[in-house]
Amino acid sequence: MKRLVIALAVMLACCLAATTVLAGGGGPPKNLVKGFFIKINPDNTAVFKKDVTGEEMILKLPEDIKPEDVPMNRKVLVTLKTIDHEITNEVKRISIMFINLPPSKVVALLVVGLIGGLLSGFIGSGGAFVLTPSMMSLGVPGAVAVASNMCHKFPKAMVGAYKRWKYGQADVKLGLVMAASAIIGVQIGIQIQKYILDHWGNAGSNLYVSLMFVIILVVVGTYVFYDAYKLSKGGKEAETTKLALALQKINLPPMIHFKQANIRISLWFTLPVGVATGMLAATIAVGGFIGVPGLIYVIGASAVVASATELVIAFVMGMWGSIQWGLSGLIDIRLTLLILAASLFGVQLGALGTTYVKDYMIKIVMGAVMLIVSVSRGAKIPGYLADLGLREPLAPQAVALYDAISFWALVTALGAAGIIITVAMIRGMLQAKAEERKKEAISHG
Amino acid sequence: MSTKLNEFDKNMMAAAFAEAGEHETARQMMDSGGGATAKKPKKNKGALVVKTLIFGAISLGMYYILFSNVDWVTTEYTKGGWHTVYPVGTALAFSFIHGAFASNFLSLIGIEPKGGH
């Protein structure tokens, strides 16, 4: 039975992935072309040779891009202007695909990778929300940053999931069932995004993403944080929520027994959590922010099992996403491997850190990160509202202030999480060593 | 499994001696077991150093090869279509090798999970 369910979950995931890849859902935007500029014409147009196919296109340069600014014979990503959702041949933006990597940028990637990995190993998700903006601030084009980050996410999640499975924390079956339903959620999320993009354009889409981000993160983050605070004060072990207990009692076939998580629940109740995880992943790129709390409060898993199981989901979804972005040839493997170099240490440190801390510590880190990150995204909302004409345009000083708030909130989230995890881990290790010494002293005495 | 059974047998024998009032014999039996497990980490440490060095060297070599052929790599890896196998496969291979190196290295410097899983 167990094998059958796992096989079914894997098959479902593969089928969905295959159909999505073939249908072309997700992945990079359609108005993005990759290739080389080979000639600039006097009439302010340029000959562009598409990568792989070798097809040549005549692209119109806008007034703000001077012919001498166009990088020649260097692989670039060109964003084309769209009018009424029709892609034109006018250039909107040109980005160099492979940034130069001086030692300072290499160090920056390693540091962000290490802390992102630590967070991922500890709370099961995170990293992506800070890695992508960090890479973009280093000058990496947005699409390449998303693709390279995605490609580093799934091997990292795989290593983290394996470690936590070894510690007896990850429920692989639950992870696969959730991942299969999350892929359905991603499809729904993409359709909603497309609908919003078609009706309200880029500014509308940005506003929707930011609003969703802030609302979900504030509501869920506050609850997780409050729950952790209560547990830390009372010193009690975490209890399964009433909602999860009630759902587990409903005998609605097919009932599935998840051995590691020690839960028997109907498939119909795991599905909404999985779908919501996928939808959030497609909307704000961090599905774990709903997946982990969903597993804890709706399904009834402990925080340790939930955060470990989320890594299994992250692996399946990350692999599927990487294949999609890889099909468009947008992964900069140098960035992927530099982040991996440090994040593989981070993810294992974070994973073994969970063996030293009490269950509520994971909730504290998760709640804190969610709340601080929501500030970062919230600071972007005034700008998007102005873009949509829903408020007066922002003064340049205000734009700079909001940008600074957004950036420093991300840095704070990452720094705070890194410090909390490290301190909790060191404290746990010292405590464990002291206990060991005590035991030795007793046995020798 | 068999070592666990042996350990179980030994513990039961020691308990039997202890119950019979032969505390010294029981303690000796337990100590001999303890001695064996105490020696184990030492033996493991040597293996751990070797493993860390091997995985570290392979990982470093892989990074060196990739970054010294960066022009070829960035061209071939971003051709799209079936070339997606390159970045996805490389990321997987690096995570196995470099992940094993990181794991062994952390154990070597004494950072291990609680209970020594």
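Along its sequence, chain B reads as the pattern α-α-α-α, with 4 helices and 0 strands (DSSP runs, H or I of at least four residues for helices and E of at least two for strands, numbered from the N terminus). The structure is a predicted model, in which local features need pLDDT of at least 70 and side-chain atom pairs count only at pLDDT 80 or more, while totals for chains, interfaces and linings use all residues. Residues are numbered from 1 along each chain as its sequence is written, and chains are lettered from A and ligands numbered from 1 in the order in which they are written.

Of the 117 residues in chain B, 19% are buried (20 or more other C-beta atoms within 10 Å of the residue's own, with C-beta atoms placed from the backbone). Contacts (C-beta atoms within 7 Å) between residues of chain B at least 6 apart in sequence join residues at least 24 apart in 57% of cases.

Where the two chains meet, the contact takes 34 residues from chain A and 30 residues from chain B. On the chain A side, helices H4 (142–166), H9 (303–327), H10 (333–353) and H13 (396–444) each supply at least two residues. H10(A) gives the most, with 11 residues.

Turning to the largest nonpolar core (buried Ala, Val, Leu, Ile, Met, Phe, Trp, Tyr and Cys residues joined through C-beta atoms within 7 Å), Ala179(A), Phe315(A), Val365(A) and Val369(A) touch the most other members among its 133 residues. Helix H5 (residues 172–234) of chain A provides the largest share of this core, 17 residues. Domain 1 (2–25 + 101–437) and domain 2 (32–96) of chain A both contribute residues, so the core lies between them; the domain bounds come from an automatic or database domain assignment.

Technical notes: A residue is buried if 20 or more other C-beta atoms lie within 10 Å of its own, exposed if 12 or fewer, and partly exposed in between; C-beta atoms are placed from the backbone.
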